[in-house]
Amino acid sequence: MSSLPSSQHDDTTAADPFFDNVLGLPCLTLVCGRAEARITRQGAQVISWRASDGRERFYLSTQTGGMKREDALDAATLAQAIRGGVPICFPQFSVRGAILKHGFARALPWTLESLVNHDAERSVAVFSLRDDARTRSIWPYAFLVQLTVTLEPQRLMIALQVTNTGEEAWKFTGALHSYLFVDEIAKTELIGLRGTHYEDATADNVDVIDPDDSLRIGEETDRVYLSPPASLQLVEEGKPALHIGKTGFTDTVVWNPGPELIQTLKDMPDSDWQHMLCVEAACASAPVIVQPGETWIGSQVLSIAG
C-alpha cells in the first residue's frame with residue numbers, strides 16, 4: 001500500500017512556490033539531498049516526508065478534505081481539515097475549550113515568510129499566521145504564530161512559535177497533530193511510555209498509569225500522556241526505528257480511531273486505521289498562558305535510526 005501518490009507539477013503556476021499538487025492540494029516541496037517534504041498553504045501543513053531512504057513517513061487520507069487549487073473561499077469560510085500529515089492545532093486542542101475543535105489554524109491559508117530550498121545539508125521554510133477579522137470573530141485576541149519546517153537528509157524538525165502581540169494575556173492549548181504512516185499497525189509498537197500517567201479519552205479521561213514497555217494498537221486509542229519522556233521510538237517489524245522527540249510541549253497525544261470509530265469518519269477509508277498512528281507533541285492537559293509581548297516555542301523532531 002502506498003500512503004501518498006507522487007506530486008504532479010503544474011507548469012502554468014511555476015511562479016507560485018505551492019506549484020505541486022498532492023490529491024489536488026497545492027503544496028510546496030522542500031528538497032534536501034534525496035529527502036523531501038511537502039507543505040500545503042492551508043495550515044502550513046506538512047503532508048509528506050520522505051527521508052533519504054525514500055520511504056513515506058506521514059499518513060494522508062485519499063479521502064481527505066482541504067482547500068484545492070480551484071477552490072475560492074469567502075472571508076467568513078474556513079476550509080475543511082486536511083486529514084493527515086501534521087495539522088497545527090491552535091488556539092485549542094480537540095474540544096477542550098469553547099471554540100471549534102482543534103481551533104482555526106489548520107483551516108486558514110498561511111503566509112510563506114522565507115524559503116531556503118534544495119540545499120544538500122538543510123532546507124528551511126518559515127510560515128506565519130496573524131490575527132485578522134476572521135480569527136477575532138472566533139477568538140478575540142491578537143497573535144502571531146510562526147512555523148519553521150527544517151528538512152535534513154535523515155531528520156525533520158517542525159517548530160511552532162506563538163507570540164502574544166496584544167495588550168492582554170491569553171491562553172491556548174494546541175498540538176502538532178502528527179499522523180505517522182505505518183505498513184501494518186499490528187506489527188508496530190510505540191516504545192518509551194511505561195510508567196507515564198495518561199488521560200484516557202475513551203473512558204471519560206480517567207487517569208491511568210501505562211504499565212507496558214510498548215504500546216500496541218488493536219482498538220480505538222485516544223490518550224493524553226502527561227509529562228512524558230522527551231523521546232519515544234516508533235518501531236515497525238523489520239524496519240529502522242523512527243525517533244520522536246519534542247521540546248516545549250508538555251504532553252504527548254496518541255490517537256488511532258480503531259476499526260469501529262473510523263467507520264464514522266467520512267474523510268478516511270475504513271481500513272486505514274491499520275496504516276496510521278498519531279503521536280502528537282501537545283499542550284493539551286493544561287493551557288499555556290502567554291503574557292503581552294511574550295513568545296512560547298515548542299517543537300517536534302522526527303529522525304530515522306542509523
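Across the protein chain of this predicted model, the pLDDT averages 93, and 93% of the residues reach a score of at least 70. Residues 4–14 are a stretch to read with care, since pLDDT stays under 50 there, and the model gives this stretch 24 contacts beyond four places in sequence. Where pLDDT is low, the predicted coordinates should not be read in detail.

With that caution in mind, the reader can turn to the empty spaces of the model. Rolling a probe the size of a water molecule over the atoms shows where such space is left. The largest pocket holds about 530 Å³ of space, and among the 25 residues that line this pocket, Ser94, Lys101, His102, Asp222 and Trp255 lie closest to its centre. Two elements, β17 (221–226) and β20 (251–256), each give two or more residues to the lining of the largest pocket, and β17 supplies the largest share, three residues. Sorted by class, the lining of the largest pocket consists of 12 nonpolar, nine charged and four polar residues.

The second largest pocket encloses about 190 Å³ of space. Its lining brings together Pro91, Gln92, Arg96, Gly97, Ala98 and Ile99 with Trp139, with Lys171, Phe172 and Thr173, and with Pro287. Here strand β11, which covers residues 170–176, gives the most to the lining, with three residues. By class, the lining of the second largest pocket has six nonpolar and three polar residues, together with two charged ones.

Definitions and conventions: Residues numbered from 1 in each chain as written. Predicted model: local features only at pLDDT ≥ 70, side-chain atom pairs only at ≥ 80, totals over all residues. Heavy atoms only, no water. 1 Å grid on protein atoms, 1.4 Å probe; cavity = no way out; pocket = protein on both sides within 12 Å on 5 of 7 lines; lining within 4 Å. Points joined across faces, edges and corners; volume = space filled by probe spheres on them. Helix = DSSP H or I, 4+ residues; strand = E, 2+ residues; numbered from the N terminus. Nonpolar A, V, L, I, M, F, W, Y, C, P; charged D, E, K, R; others polar. pLDDT = per-residue confidence, 0-100. Contact = heavy atoms within 4.5 Å.
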